[in-house]
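Below are questions and answers on one protein model. Please read them with the structure open.

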Amino acid sequence: MLRYIQDHFTENISLEQLAASAGISRSEAGRCFKKYYSQPPMSYVTLYRLKYAQELLAKSSMTVNEVAGQCGFRDSSYFVKAFRKHLGQTPLEYRNMFLDCSFD
C-alpha cells in the first residue's frame, strides 16, 4: 500500500484502490494503517502529499495552486486548509520562511 501511495499520490486515490493494491479489504487496510501508522489510510495519503508540497514550496517557484495540483490536491482551498491544519501555517507563510532565510 505504501508503494501504491508513493507511485500514485498525485492522482485521486480511493480507499478501495489502496486496499486492492495489497489484495485486502478496505477494513483490513484501515486496521493495518491504524496498527502501524496510528492513522487512517487516507490521512496518511494527505500527510504524504503535504510532505511533498513542503519540498516544492521550498525548492520551486511554482504557485500555490500549481503545488496543490502537483501533490494530488484537486482543490487548492482544501490544500491550504489541510496545510494550515497539519503544519500550523499557510503554504505562503511556509514558503516565505525559506525566502527570508535565503539571503542571510
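Q: Over the ring of which residue does the charged end of arginine 49 sit?
A: A charge sits over a ring if NZ of Lys or CZ of Arg is within 6 Å of the ring centre and within 35 degrees of the ring normal. In this predicted model, the charged end of arginine 49 lies 5.9 Å from the ring centre of its partner. That partner is phenylalanine 73.

Q: What do the numbering and the confidence limits rest on?
A: Residues are numbered from 1 along each chain as its sequence is written, and side-chain values use heavy atoms, with hydrogens and water left out. As the model is predicted, local features need pLDDT of at least 70 and side-chain atom pairs count only at pLDDT 80 or more, whereas totals for chains, interfaces and linings use all residues.

Q: Which residues form one aromatic cluster with Phe73?
A: Rings of Phe, Tyr and Trp (its six-membered ring) pair if their centres lie within 6.5 Å; planes under 30 degrees apart count as stacked, over 60 as edge-to-face and the rest as tilted. By this rule the count comes to nine aromatic pairs. The cluster with Phe73 is made up of Tyr78, Phe79, Phe83 and Tyr94.

Q: Which kind of aromatic pair do phenylalanine 79 and phenylalanine 83 form?
A: Both residues lie in helix H6, four residues apart, about one turn of the helix. Their ring centres are 5.8 Å apart, with 65 degrees between the planes. The pair is edge-to-face.

Q: Is phenylalanine 79 buried or exposed?
A: Buried means under 20% relative accessible area, exposed over 50%, and partly exposed in between (1.4 Å probe, protein chains only). The relative accessible area of phenylalanine 79 is 0%. Its pair partner phenylalanine 83 also has 0% and counts as buried. Phenylalanine 79 is therefore buried.

Q: How many helices are there in the protein?
A: Helices (H or I, at least four residues) and strands (E, at least two) are DSSP runs, numbered from the N terminus. From that end, the elements run α-α-α-α-α-α-α, and there are zero strands. The number of helices is seven.

Q: Are helices H4 and H6 roughly parallel or roughly perpendicular to each other?
A: Axes are lines fitted to C-alpha atoms, for helices over the stretch in contact, and angles run from 0 to 180 degrees between N-to-C directions. Helix H4 (residues 41-59) and helix H6 (residues 76-87) have axes 11 Å apart and an angle of about 95 degrees. Angles under 35 degrees count as roughly parallel, over 145 as roughly antiparallel, 65 to 115 as roughly perpendicular and the rest as oblique. H4 and H6 are therefore roughly perpendicular.

Q: How many nonpolar residues does the contact of H4 with H6 have?
A: Contact means heavy atoms within 4.5 Å. On the H4 side are Thr46, Leu47, Leu50, Ala53, Gln54 and Leu57, which meet Tyr78, Phe79, Ala82, Phe83, His86 and Leu87 in H6. Ala, Val, Leu, Ile, Met, Phe, Trp, Tyr, Cys and Pro count as nonpolar, Asp, Glu, Lys and Arg as charged, and the others, Gly among them, as polar. The contact has three polar and no charged residues, and its nonpolar residues number nine.

Q: Which residues does alanine 82 touch, not counting residues up to four places away in sequence?
A: Alanine 82 lies in helix H6 and is buried because its relative accessibility is 5%. Its C-alpha is 8.0 Å from that of threonine 46, 36 residues apart in sequence. Alanine 82 touches Thr46, Leu50 and Phe73.

Q: At what angle do the axes of helix H2 and H3 cross?
A: Leu15, Glu16, Leu18 and Ala19 in H2 meet Arg26, Ala29 and Phe33 in H3. That contact has five nonpolar, no polar and two charged residues. The axes of H2 (residues 15-22) and H3 come within 8 Å, and the crossing angle is roughly 85 degrees.

Q: Where is serine 38 found?
A: Serine 38 is exposed, with a relative accessible area of 63%. Its phi is near 55 degrees, a positive value in a residue other than glycine. Serine 38 is found in the loop between H3 and H4.
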